[in-house]
Amino acid sequence: MKKQKSFHLLFLLSIVLLALVGCKSTSVADENIAERVKETNKITWGVKYDTRLFGMMDIKSGEVQGFDIDIAKAITKKILGEDGQADFIEVTSKTRIPLLKNGNIDAIIATMTITDERKKQVDFSDVYFDAGQSLLVKKGSSIQSVTDLDDSTTVLAVKGSTSAANIREHAPDAKILELENYAEAFTALQSGQGDAMTTDNAILLGMAAENPAYTLVGGTFTNEPYGIAINKGQEEFLGKVNQALAEMIADGTYDEIYQRWFPNETDGKVD
């Protein structure tokens with residue numbers, strides 16, 4: 001009889017513990033983010049640590065730097081005031097949405113393209129960077145846009161990306177050489193294995209910044225705008241982020257940040 005009572009007691013305790021754990025795991029993600037950031041005076045952002053010009057860890061300073069980082073800092077100050085704190089947590093393309101859904105971060109600003117598929121899981125802010133596929137060529141190249149690609153030109157792309165498919169659609173006569181990664185594709189461009197390299201303008205801008213002998217041409221020929229991702233059910237916080245972005249564009253803060261990271265470039269800028 002005692003064993004049976006002990007079993008029932010343990011069973012009931014297990015149920016209570018499971019309920020408490022369940023409540024704890026969902027409370028952070030479900031609470032009102034707009035109210036919490038006001039109370040803590042802090043917004044936690046999910047950002048990239050490995051994407052040049054947008055979010056890159058600087059080894060010397062030990063701080064992550066880039067366009068996304070500065071936009072996040074400016075939004076934080078617009079929402080919370082000059083003393084507002086922007087904290088950063090590293091995310092990857094695979095981890096960013098799970099970390100947001102679990103409440104580990106308040107928002108994602110990490111070169112994230114707004115898509116209908118992603119909208120099923122998260123809400124997006126207004127566009128903060130007008131990304132799209134572009135072309136990178138050596139300065140002085142006769143190729144100035146996607147319309148210059150014909151059967152005499154070879155375009156370098158990365159395997160498994162949508163870039164090659166987009167080139168086939170926009171320049172069906174061009175030859176395409178697909179490489180394993182961006183580094184290999186750029187090396188092939190430098191060695192003359194191709195006449196142009198193609199992928200998102202955000203990635204190409206980073207390459208051009210490191211290699212001044214190369215430049216982007218022709219603007220973008222696909223539309224893949226970046227937005228800030230926020231968990232569903234956080235309409236108040238989303239509204240504050242959009243309001244902050246609008247104010248930054250109106251008062252010149254956005255333009256100042258853009259020119260800091262993309263001097264003499266107009267591709268990607270929003271008005």
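**Note on the core, ring pairs and helix packing**

1. At 0% relative accessibility, tyrosine 258 counts as buried, because the cut-off for that word is under 20% relative accessible area. The model discussed here is a predicted one, and the points below begin with this tyrosine and the rings around it.

2. Tyrosine 258 pairs with phenylalanine 67, which is likewise buried. Their ring centres lie 6.0 Å apart and their planes stand at 90°, so this pair is edge-to-face. The two residues come from distant parts of the chain, since phenylalanine 67 belongs to helix α3 and tyrosine 258 to helix α9, with their positions 191 residues apart.

3. Tyrosine 258 also pairs with phenylalanine 129, and here the centres are 6.4 Å apart with the planes at 25°, so the pair is stacked. This pair too links distant parts of the chain, 129 residues apart, with phenylalanine 129 in the loop between β7 (122–124) and β8 (133–138) and tyrosine 258 in helix α9. Phenylalanine 129 has a relative accessible area of 0% and is therefore buried.

4. These rings belong to a wider arrangement, in which ring pairs link Phe54, Phe67, Tyr128, Phe129, Tyr226, Tyr254, Tyr258 and Phe262 into a cluster. The model has 16 aromatic pairs in total.

5. In soluble globular proteins, nonpolar side chains tend to be buried together. The largest nonpolar core of this model holds 52 residues, of which Trp45, Phe67, Phe129, Leu136 and Ile228 touch the most other members. Among the elements that give two or more residues to this core are β1 (42–47), α6 (182–190), α7 (201–210) and α9 (253–261), while the largest share, 7 residues, comes from α3. Both domain 1 (34–130 + 225–262) and domain 2 (131–223) supply at least three residues each to this core.

6. A second core, separate from the largest one, has 12 residues, including Val137, Val146, Ala171 and Ala196.

7. Which residues is isoleucine 228 in contact with, leaving aside its neighbours within four places in sequence? The contacts are Trp45, Ile75, Ala107, Ile108, Ile109, Asp123, Phe124, Ser125, Tyr128, Val241 and Leu245.

8. Two packed helices are described by the angle between their axes and the distance between the axes. For α2 and α8, the axes come within 7 Å and cross at roughly 65°, and these helices are therefore roughly perpendicular to each other. Where they meet, Ile33, Ala34 and Val37 come from α2, and Glu236, Phe237 and Lys240 come from α8.

Terms used: Residues are numbered from 1 along each chain as its sequence is written. This is a predicted model: local features need pLDDT of at least 70, side-chain atom pairs count only at pLDDT 80 or more; totals for chains, interfaces and linings use all residues. Side-chain values use heavy atoms; hydrogens and water are left out. A nonpolar core is a set of buried Ala, Val, Leu, Ile, Met, Phe, Trp, Tyr and Cys residues joined through side-chain atoms within 4.5 Å. Buried means under 20% relative accessible area, exposed over 50%, partly exposed in between (1.4 Å probe, protein chains only). Helices (H or I, at least four residues) and strands (E, at least two) are DSSP runs, numbered from the N terminus. Domain bounds come from an automatic or database domain assignment. Contact means heavy atoms within 4.5 Å. Rings of Phe, Tyr and Trp (its six-membered ring) pair if their centres lie within 6.5 Å; planes under 30 degrees apart count as stacked, over 60 as edge-to-face and the rest as tilted. Axes are lines fitted to C-alpha atoms, for helices over the stretch in contact, and angles run from 0 to 180 degrees between N-to-C directions. Angles under 35 degrees count as roughly parallel, over 145 as roughly antiparallel, 65 to 115 as roughly perpendicular and the rest as oblique.
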